[in-house]
Amino acid sequence: MNLSDDELERYARHIVLPQVGGVGQRKLKNASVAVVGAGGIGSAVIPALAGAGVGQLTIIDSDIVELANLHRQPLFRERDLGQAKAELAAESVRRLNRHVEAAPRSERIGPDNAEELLAGHELVIDGSDNFATRLAVSDACVALALPLVSAAGVQFQGQVGLFRTKPCYRCFVGDAFDSDDCDNCSDLGVLGALTATVGSFAALLAIESIVGIGGDQAGQLHLFDAERLSWRAMRIPADPACRACGSI
Ligand SMILES: [Zn+2]
């Protein structure tokens, strides 16, 4: 698919980069990405991907905007309180870039529907706020052989990594967190700007993976300490007994 004059002008600062060029920009245009969670992480991921020209975005979130979201979710405004996040996020994508198709899914994703919701995409970015959802999304990505960027932030700690089937996110977390009552930021708190930092990193990983920039980051977890303001990376070993990827 060729780029129109309008797109060539819009993406000029991308196209001038030798690592992207017209070829990379067309890869972005042809890409279809599912974003799980239009919260703090999603507020950074969604505009970054829409601005970058990712052709199709599916936004999956069953929540409505609450007042306590606004300190870290700049996708939304005070007037949006009580409205569905997925719909609002899709609307903001359309306002930002008319070359991007945004499909909102105001559904709660879980083990029963994750494969159906995620199938057909090229990459998944998970910015949901609890382990049960992250594990359900990861298991579906393993089953569908989809690359997954998993990102999370709580209190002053952020983590983000790219997974390609094996090792998977479950190799890192284990099976202890499948219940719904595990910790999330509504109980523990989160510094607002932390989720933006982690979300921007997740968007970078996704864009570089789609375009094919740099070495493959799969299987590395990047950890951010917002008190020390430092990043470190660790390699996740594949767990041979992993319930999701162990038999692959
Ligand atoms: Zn695994």
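# A walk from the zinc site outwards

Start by selecting the zinc ion: Cys168, Cys171, Cys242 and Cys245 coordinate it through their SG atoms, at 2.3 to 2.4 Å. Keep in mind throughout that this is a predicted model.

Show the angles between the donors. The four donor atoms subtend 92 to 123° around the zinc ion, which makes the arrangement tetrahedral. Now look at the sequence panel, where the donor residues follow the spacing C-x2-C-x70-C-x2-C. Switch on a surface, and you will find that Cys168 and Cys171 are both buried.

**Next stop: the loop between E6 and H8**

Select Pro167, which sits in the loop between strand E6 (157-163) and helix H8 (169-173). Which kind of peptide bond joins Lys166 and Pro167? It is a cis bond, with omega at about -5°. While you are here, click on Thr165, in the loop between E6 and H8 as well. Thr165 is not a glycine, yet its phi is positive, near 60°. For background, most residues other than glycine have a negative phi, and most peptide bonds are trans.

**Another positive phi**

Move to Leu229, in the loop between strand E7 (220-225) and strand E8 (230-235). Leu229 has a positive phi of about 55° although it is not a glycine. Is Leu229 buried or exposed? Its relative accessible area is 64%, so Leu229 is exposed, the cut-off for that label being over 50%.

**Two packed helices**

Now colour helix H4 (residues 40-52) and helix H10 (residues 192-211). Their axes lie 7 Å apart and the helices pack at an angle of about 40°. Turn the view until one helix lies in front of the other, and you can follow the right-handed crossing of H4 past H10. Show side chains next: from H4, the residues that meet H10 include Gly40, Ile41, Ala44 and Ala48, and on the H10 side look for Ala196, Gly199, Ala203 and Ile207, among others. Sorted by type, the residues of this contact are twelve nonpolar, four polar and no charged.

Zoom in on Ala44, which lies in helix H4. With 14% relative accessibility, Ala44 counts as buried. Which residues does Ala44 contact, leaving aside its neighbours within four places in sequence? They are Ala196, Gly199 and Ser200. If you like distances, draw one from Ala44 to Ala193: their C-alpha atoms are 10 Å apart in space, while the two residues are 149 apart in sequence.

**The loop leading into H4**

Step back to Gly37, in the loop between strand E1 (32-36) and H4. At 8% relative accessibility, Gly37 counts as buried. Once its neighbours within four places in sequence are left aside, Gly37 contacts Gly42, Ile46, Ile60, Asp61 and Gly127. Try a distance here too: Gly37 and Gly22 are 15 residues apart in sequence, and 30 Å separate their C-alpha atoms.

**Last stop: Leu3**

Finish with Leu3, in the segment before helix H1 (5-10). Leu3 has a relative accessible area of 13% and is therefore buried, since the label applies under 20%. Beyond its neighbours within four places in sequence, Leu3 is in contact with Leu8, Ile15, Gly22, Gln25, Arg26 and Lys29. For a closing distance, pick Val23: it is 20 residues from Leu3 in sequence and 10.0 Å away in space, C-alpha to C-alpha.

Note on methods:
Residues numbered from 1 in each chain as written. Predicted model: local features only at pLDDT ≥ 70, side-chain atom pairs only at ≥ 80, totals over all residues. Heavy atoms only, no water. Donors = N, O, S within 2.8 Å, 3.2 Å for Na, K, Ca; no water. Tetrahedral: all angles 85-135°; square planar, octahedral: opposite > 155°, others 65-115°. Buried < 20%, exposed > 50% of the residue type's maximum accessible area, 1.4 Å probe, protein only. Axes fitted to C-alpha atoms, helices over the stretch in contact; angles between N-to-C directions. Helix = DSSP H or I, 4+ residues; strand = E, 2+ residues; numbered from the N terminus. Left-handed = near helix turned anticlockwise from the far one by under 90°. Contact = heavy atoms within 4.5 Å. Nonpolar A, V, L, I, M, F, W, Y, C, P; charged D, E, K, R; others polar.
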